[in-house]
Amino acid sequence: MRRRSIWRLVATLLVFALVAAACGEDTGGDTTTTDGGGDPTTTASPDTTMADMTTTTGAQPVDVCEATVGFMGPITGPVAFIGEVQLNWFNYALDTWNEEMGYDFQMVEGDNQFDTAQSATLAQQFLDDSAMLAAVGPAGSDQVDAAGAVYEAGDPNFTFISPSSTRSGIAAQYTGMFRTVPTDDDQGPTTADFLIAQGAQNVFMVDDQSSYSTGLADSVEENLTAADVTVTRESVSQDVTDFSALVGTIADDTDFVYLPWQVAANGQIFANQMAEQSKEAVIFGSDGMDSEDFTEAGSFIAAFAPDIAFVEGSESLLDGYLEQYESTNTFGPPVYAAARVIFEAIDSVCQTGATPDRASVQAEVANTDQADSILGSPISFTEDGDLAEGRFFIFQIEEDGSKTLVE
Amino acid sequence: MEFFLQQTVNGLTLGSVYALIALGYSMVYGVLKFLNFAHGEVYMFGAFAGYGVLTVLGGPSALIVPVWLAITLMFVAAMAVASGIGVALERFAYRPLRKASRLAPLISAIGASFFLQAAALLLFTANSRSYDAPSLIPIESGLTLGPINVWLVRILVIVTAFVLMILLTWWVKSSRVGKAVRAVSFDTEAAAMMGVDVDRVIVATFLIGSALAGVGGVMVGLVFGRIFHLMGFIAGLKAFTAAVVGGIGSIPGAMLGGLLIGFAEAYTTSYISSTFQNLIVFGLLIVFLLVRPSGFLGRPELAKV
Amino acid sequence: MSHIGVDRWVEESGDRQEHHTGWTAPARRLFDKVRPGWRLAIFIALVSIYPLLVSQAGVRIGITVLVLAMLALGLNIVVGWAGLLDLGYVAFYGFGAYFYAVVSSDQLPAHWPTWVSIPVVVAATALLGALLSLPSRRLVGDYLAIMTLFFAQVFVEIVRNYSRLPGVETDITGGPNGITGVDPLSLFGFQFNTFSRNFYLLVALLALLIVSLHHINDSRTGRAWRALREDTLAAEHMTTPVNRLKMLAFAVGAAIAGLSGAIFAAVQVGVFPNNFLLVFLITVYAALILGGLGSIPGAIIGAIAVAFTPEILRSPGAAGWLFYIGVLALLLVVLKQRARLAAVIAGVVAFGYVFRMVALGIWDETILGTANDTLTGGILDGWLLILGEHQDVVTNYAFVLVIVGVLGVIVTKGWWRVAIFVPTIYLAVFVWENKLALQPSVTRQLLFGGVLMVMMAVRPQGLLGTRRVEIT
């Protein structure tokens with residue numbers, strides 16, 4: 001008898017819990033202050049050289065400026081290593097901003113697991129949250145399509161800045177979209193020109209069947225064939241971890257192997273297996289390969305935010321970040337840049353004395369004009385929302401793993 | 001010729017790893033008629049265990065013990081961790097479901113797979129780790145087989161896999177527990193009536209199958225270098241395929257199936273196309289299953305009336 | 001390990017279905033009292049109010065739930081009624097979605113009107129299902145499952161790499177970029193271009209589906225499927241057209257999946273290859289199994305649970321509620337004697353204080369922080385040890401210890417169980433507050449996997465299923 005009553009109690013409690021939780025959901029998700037694994041009390045204090053990096057027009061913090069900003073990314077799931085770093089950099093940007101300005105901006109994190117359906121749901125949740133003014137993310141171009149469709153239909157004034165979607169032409173399709181990375185239209189020709197300048201006659205190219213990779217590979221292939229370079233094009237899916245068979249097919253007279261991959265660690269495996277089979281071609285990796293995971297001496301990397309250690313003034317930022325978080329990769333700094341763009345835009349609106357809303361924030365974002373940034377280049381946007389002056393740097397990896405700027 | 005040899009070596013390496021993992025699937029299926037979807041995660045944890053030992057011993061560039069000892073310890077640790085998880089899974093997730101419908105343990109296995117992946121994500125974060133084997137054993141070291149050079153690590157992997165498989169075959173044939181395993185997979189009821197402790201046999205099966213998967217994990221780390229929390233899912237699918245091709249429930253079948261899949265992948269990628277590697281392999285399997293549903297060495301299922 | 005007495009148990013299964021026992025008994029009896037027609041009416045009424053109570057995002061989630069419910073019902077036909085293990089079901093869903101997208105977008109370009117495209121999509125998918133059922137003549141049970149699994153993989157590969165196939169001129173599937181700009185559904189000029197409209201459309205379709213399935217279940221075909229499921233050989237010998245029935249089951253299941261896929265494509269305004277991976281298939285199966293295989297209301301309840309839970313768990317506050325209530329519930333369930341229950345609770349409280357005192361004594365203040373802002377942070381401050389540094393390493397060990405502790409609790413009995421419970425619960429709360437609550441996304445997956453395992457162990461037949469006996 002007692003057993004049954006306990007079960008009833010349990011069932012009631014569970015129902016109550018679910019109802020309470022669901023009711024909590026109606027306001028569009030709870031907001032959380034950022035803790036992101038770091039200690040709550042002793043946040044990393046930004047270096048005073050931070051002032052060099054930020055381009056706030058020497059503005060003093062306004063008394064009251066509140067905002068909620070969203071972050072959408074693949075925090076868990078197949079590319080969690082991208083999402084984790086992106087989230088960490090976002091939290092870092094938020095913490096340092098709040099500390100610097102004495103504000104208390106809030107964030108909401110949304111994990112889309114690199115999935116388009118979840119991106120659409122999250123986009124709607126962000127829109128429903130009336131306190132949310134803008135968001136960083138999503139990461140992948142197909143998720144931008146899914147979320148963008150929702151944003152466009154729901155509120156074109158909502159700004160969303162993608163820190164890693166590079167497919168050309170997307171930013172033009174969605175009113176509120178901006179991005180802090182250059183597109184394939186920039187990287188493709190830059191890469192091809194470099195290869196041609198290096199005297200390449202025979203290039204072996206492998207894409208990883210992702211949207212990013214195929215777009216980039218197509219672009220480079222086009223440019224190379226136009227210059228009469230022989231291109232052998234292959235592709236593998238991202239879940240392949242053994243490339244020995246593919247490496248075996250690389251002809252001996254190949255000059256360069258171009259790998260526009262998202263997973264740098266796979267690139268290292270490829271490089272190792274090339275060495276095993278005595279293939280002497282030089283690897284050229286795209287920006288996705290710019291990571292500690294890929295350290296093949298002699299290889300080249302095209303990067304838009306090269307190891308930001310090279311960018312003067314970024315070092316302190318990087319150090320501060322690494323103090324709190326374990327490691328970083330190429331996907332991180334653009335998130336920082338994007339977050340700062342949003343924060344500064346919100347601040348600009350506050351400066352005028354008005355309460356920031358989505359439309360005013362978007363207007364300010366569009367007018368962003370930072371002379372200098374963590375990415376080593378100025379940040380301003382074209383009409384479509386692309387970076388006006390995104391450029392790619394080309395690096396070569398040294399024996400000890402460090403990178404030297406080549407171009 | 002050189003090309004062919006190279007690809008054969010590639011296929012052999014890949015196939016050995018698949019075979020080791022496939023053995024776990026096959027053995028468990030033979031005994032329980034149940035597909036353990038969480039087997040891939042066991043393999044993944046084995047790989048991480050090996051990595052842990054490597055780090056404790058100083059890392060690939062600054063080992064405090066000789067290389068061969070380090071590798072042995074890595075194998076041992078991987079086997080211990082992997083079989084620990086496997087046995088725990090059996091005891092807590094699958095045993096209560098022995099009498100339930102056929103789908104319940106499948107769902108439980110899937111739940112276990114999710115849980116283990118998330119646990120790995122929590123414990124190890126999303127960054128992939130690298131064994132950095134070239135620092136342990138330089139790429140140049142190895143045997144020269146005619147026109148090609150084979151890295152020592154690959155030889156190690158192939159030899160170890162074969163040794164283990166031979167040991168397993170011997171064990172199943174000669175030892176008491178091994179014979180009990182065969183008996184149980186042939187007819188569980190009859191074996192129980194002949195005094196075999198079925199529970200013990202099942203535990204032994206999981207233990208050995210998982211240990212082999214753990215070894216496979218370390219091998220993958222050594223040869224290919226990259227370990228991450230999702231590696232179990234993909235490898236599990238391929239190894240599962242291998243088990244089926246060889247005849248699920250059959251131990252020599254799993255070994256054969258693993259090698260076949262390894263070769264199929266290597267030759268398909270090199271001679272046909274790498275883009276459709278998976279597609280062709282899966283397509284072949286579909287056709288193969290239609291022709292011979294019970295796999296190469298499997299027993300055709302007799303319909304009992 | 002006994003099959004002794006099985007016949008008797010099977011005999012009594014009919015009785016068991018009428019006299020419910022167990023803890024869901026009161027709910028089930030009430031459920032049975034209400035006639036199916038009324039049940040459906042109440043369900044529709046409740047569901048129709050839903051969009052009015054929630055935000056737009058809530059409606060979007062509701063659409064996800066309804067699509068999942070339809071899929072679960074379709075899968076129920078194949079797996080629950082006909083007993084065929086189909087692991088490639090997600091490919092039918094994808095096929096329907098892609099087909100609809102191809103004929104309703106600028107991909108080709110083609111913009112077929114809905115009253116043409118939907119019937120064509122459904123028919124084509126049904127045909128595909130029938131085709132896939134052909135191998136089932138030769139393959140039984142697990143081999144069929146394996147074959148269908150491969151088919152699902154093949155589908156995704158083809159869709160993703162279609163344009164690279166030798167001899168292909170036009171890119172039909174859009175490759176990894178998918179197809180965007182898909183037209184919304186429209187009937188007689190009425191466009192289903194908002195979430196609410198699509199929601200109600202799905203409700204209507206679902207209701208229609210439920211009614212049809214109910215009738216099919218009671219019809220000759222339904223009975224034939226049941227016979228097929230229970231004992232294929234016997235059914236064959238009773239002149240049931242086994243092959244045709246298998247084909248029918250596959251075809252109908254596929255048709256439902258195709259329809260769901262088309263609606264999904266219309267709502268998402270696009271389709272991408274990654275929408276149709278194995279993970280999603282697992283979700284559908286989880287919904288079906290948790291709800292109870294073979295039961296229509298079960299499939300729906302399962303879909304609701306499986307689709308809503310991850311969304312609820314997105315917010316750390318909600319997840320916190322669930323966690324603590326879950327822990328309490330666990331205690332209530334496992335410890336039946338009040339004395340032991342009290343002992344555990346007292347022990348945990350005491351343990352916490354002692355632990356904290358000891359830790360503060362050994363290490364100095366700087367490594368400890370204050371409680372963070374989760375729901376219970378305020379209440380537990382001063383009792384729970386919150387780490388300031390070395391969070392990762394310590395919580396990792398603690399996490400492993402918790403798992404070991406939970407396993408230990410399951411294995412032991414009596415006062416040993418109480419003894420192991422105390423540190424386990426404390427460490428669980430410790431890990432929760434110090435790590436899990438800070439990573440809601442990972443915790444979500446952890447809890448989901450755990451719930452699946454526990455549900456199966458505790459109640460393998462699902463919520464509304466009946467315990468089945470496998471007759472071997």
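Colleague: How do α1(B) and α9(B) pack, angle-wise?
Modeller: α1(B) and α9(B), the latter covering residues 198-224 of chain B, pack at about 165° with axes 9 Å apart. Axes are lines fitted to C-alpha atoms over the stretch in contact, with angles from 0 to 180 degrees between N-to-C directions. Helices are DSSP runs of H or I with at least four residues, strands are E runs of at least two, and both are numbered from the N terminus.

Colleague: Roughly parallel or roughly antiparallel, then?
Modeller: Roughly antiparallel, because angles over 145 degrees count that way.

Colleague: And is this a predicted model or not, numbering included?
Modeller: It's predicted: local features need pLDDT of at least 70 and side-chain atom pairs 80 or more, while totals for chains, interfaces and linings use all residues. Residues are numbered from 1 along each chain as its sequence is written, with chains lettered from A and ligands numbered from 1 in the order written.

Colleague: Back to the pair. What residue classes are in the contact of α1(B) with α9(B)?
Modeller: There are 18 nonpolar and 6 polar residues, with no charged ones. Nonpolar covers Ala, Val, Leu, Ile, Met, Phe, Trp, Tyr, Cys and Pro; charged is Asp, Glu, Lys and Arg; the others, Gly among them, are polar.

Colleague: What about the side of chain B that touches chain A, which element gives the most?
Modeller: α1(B) again, with 5 residues. Overall, 28 residues of chain B contact 29 of chain A, a contact being C-beta atoms, placed from the backbone, within 7 Å. Chain B's side has 11 nonpolar, 15 polar and 2 charged residues.

Colleague: Switching to chain A. How far apart are the C-alpha centres of domain 1 and domain 2?
Modeller: 31 Å. Domain 1 of chain A is 52-182 + 311-366 and domain 2 is 186-303, with bounds from an automatic or database assignment. Their contact takes 9 residues from domain 1 and 11 from domain 2. The domain 1 side has 1 nonpolar, 6 polar and 2 charged residues.

Colleague: And A93(A), buried or exposed?
Modeller: Buried, since 30 other C-beta atoms lie within 10 Å; the cut-off is 20 or more for buried, 12 or fewer for exposed, and partly exposed in between. A93(A) sits in α3 (residues 80-101) of chain A.

Colleague: What does A93(A) touch, leaving out residues up to four places away in sequence?
Modeller: Y336(A), A339(A) and R340(A). A339(A) is 246 residues from A93(A) in sequence, yet their C-alpha atoms are 6.6 Å apart.

Colleague: Last one: how many helices and strands in chain C?
Modeller: 20 helices and 6 strands, and buried residues make up 49% of its 472 residues.

Note on methods: Contact = placed C-beta atoms within 7 Å. Parallel < 35°, antiparallel > 145°, perpendicular 65-115°, else oblique.
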